[in-house]
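Let's work through a few exercises together. Keep the structure open beside you and try each task before you read its solution.

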Amino acid sequence: MAACMVMGVLQRKVTVLSLTFRRHKFKKKWATTLPKLPSSSLALQYFDINYSMQFGEQWPSIRISLLCEQKYGALVNNFSEKEAVMKNFYSSNATDFISDAQNLISLYTKEKNVSDELSVNATANLSSLSKSKLTCFTFSRGDISRFPKSRPDCFGLLEYYLMDASSLLPVLALDIQHGHSVLDLCAAPGGKTLALLQTNNCRFLTANDLSVSRCKRLQTVMRSYVPRDQRTDKNVQITTRDGRLWGDVENSTYDRVLVDVPCTTDRHSLLEEENNIFHRMRTKQRQMLPLLQTELLLAGILSTKPGGEVVYSTCTLSQLQNEYVVERAVELAASEHGVHVEPQDLSCFRKVFKDTFNFYQDCRVGELVLPHLTANFGPMFFCKLLRIR
């Protein structure tokens, strides 16, 4: 009897050990065969699902363009030897797309009655564009030539800054006038901040970014392109505050505010693994982006003076991060803070920059530059808001 009991116990133990072994063996085999997709592949899967619905027949063309090499523009440093740099660019068949737009505006206003075709807001934006002091060279549609690396001039300042030329559109839309106080709420790495200073209209510029490391990159850009006497504490301030709290810190303070928010950075997400927002460990961070963007835009609205203007921008195609964020922030500003803002008509940008960029025609608010093989800039969404009170 005792022997039978002992044999029964031993059999049960062997059975348990056998099941445990098989279970762990199965798990190990499953783990080794699980496909490990790179973050860029996860991004492409996500975009295929969402953007194919958003853009329909246009998505395949946009998709190919995003996966191809991006075009760049060269923002000429107004603090450097500008005329010599421009002469070299013209000799290489590059053109200043802002100057070309200004010539088009001049012809357009002479030959047509602008008020018949554009709203009052759009007409006002045409006027501001015609006075811009920014100079940015690009190669024509279909020309895939690349600009050489910028060199320092005799004073040690770099001659031009290479950037996606569509990144200048939010700065142009901001329409900075002489004597304006300006806030760049999410400033790093510094291309748009540099462009803001290049307008030579900022009485005072605050450049903020929560990341200390990114602010160091911003400071490097400032030292490389801006003379020391133009970036003193009296006219430029670099800070590392939480931008979402800016409306509480400096309420109704600035004439102009640029809110170039963190986003899924679609092109980067498809081409780079480093710091990719689609990494599995960053899923929650990516899902929270629209909330973060809404909070940042709301803070920018509250920081603007009545009568001042805010420009919101991203480098994503996502409606959820673009139009929906703008509409939600406008709603919250009115319902929770009694602050009323109105989206401004930027359709004139589509008219005067049509030879340089490929624009999406169906944005509910703002404008969106679509990547295109012949003009592979963007994506770049930008929307302008006027604070009424």
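**Exercise 1. The whole protein**

What percentage of the 389 residues in the protein is made up of buried residues?

*Solution.* Remember as you go that this is a predicted model.
- Step 1: Buried residues account for 49% of the 389 residues.
- Step 2: Look at the secondary structure, where you can find 16 helices and 12 strands.
- Step 3: Turn to the surface. The protein exposes about 19800 Å², with 55% of it supplied by carbon and sulfur atoms.
- Step 4: Now consider contacts between residues at least 6 apart in sequence: 77% of them join residues at least 24 apart.

**Exercise 2. Two sides of a helix**

Find helix 4 (residues 82–91) and work out which of its residues are buried.

*Solution.*
- Step 1: Val85, Met86 and Phe89 are buried in helix 4.
- Step 2: Why do they lie on the same side of helix 4? They do so because they cover an arc of only 100° around the axis.
- Step 3: Check the other side of helix 4, where Glu83, Lys87 and Ser91 are exposed.
- Step 4: Look for what covers the buried residues of helix 4; the cover includes strand 1 (73–76), strand 3 (136–138) and strand 4 (160–163).
- Step 5: Go just past the end of helix 4, and you meet asparagine 93, with a positive phi of about 70°.

**Exercise 3. The nonpolar cores**

Which residues touch the most other members of the largest nonpolar core?

*Solution.*
- Step 1: Recall that in soluble globular proteins, nonpolar side chains tend to be buried together.
- Step 2: The largest nonpolar core here has 49 residues, and Leu169, Phe349 and Phe353 touch the most other members.
- Step 3: Helix 8 (residues 168–174) gives this core its largest share, six residues.
- Step 4: Zoom in on leucine 169. Beyond its neighbours within four places in sequence, leucine 169 contacts Phe97, Phe349, Phe353, Phe357, Phe359, Val369 and Phe382.
- Step 5: Another core, of 45 residues, lies apart from it and includes Leu66, Leu270, Ala329 and Leu368.

**Exercise 4. An annotated cysteine**

Locate Cys315, which an unreviewed UniProt entry labels "active site", and describe its surroundings.

*Solution.*
- Step 1: Cysteine 315 sits in the loop between strand 9 (304–314) and helix 15 (323–337).
- Step 2: Its relative accessibility is 26%, so cysteine 315 counts as partly exposed.
- Step 3: Setting aside neighbours within four places in sequence, cysteine 315 is in contact with Cys263, Thr265, Asp266, Pro379 and Met380.

Methods. Residues are numbered from 1 along each chain as its sequence is written. This is a predicted model: local features need pLDDT of at least 70, side-chain atom pairs count only at pLDDT 80 or more; totals for chains, interfaces and linings use all residues. Side-chain values use heavy atoms; hydrogens and water are left out. A nonpolar core is a set of buried Ala, Val, Leu, Ile, Met, Phe, Trp, Tyr and Cys residues joined through side-chain atoms within 4.5 Å. Buried means under 20% relative accessible area, exposed over 50%, partly exposed in between (1.4 Å probe, protein chains only). Helices (H or I, at least four residues) and strands (E, at least two) are DSSP runs, numbered from the N terminus. Contact means heavy atoms within 4.5 Å. Accessible areas come from the Shrake-Rupley method with a 1.4 Å probe; for residues, only the protein chains shown count as cover. The arc is that of the directions from the helix axis to the C-beta atoms.
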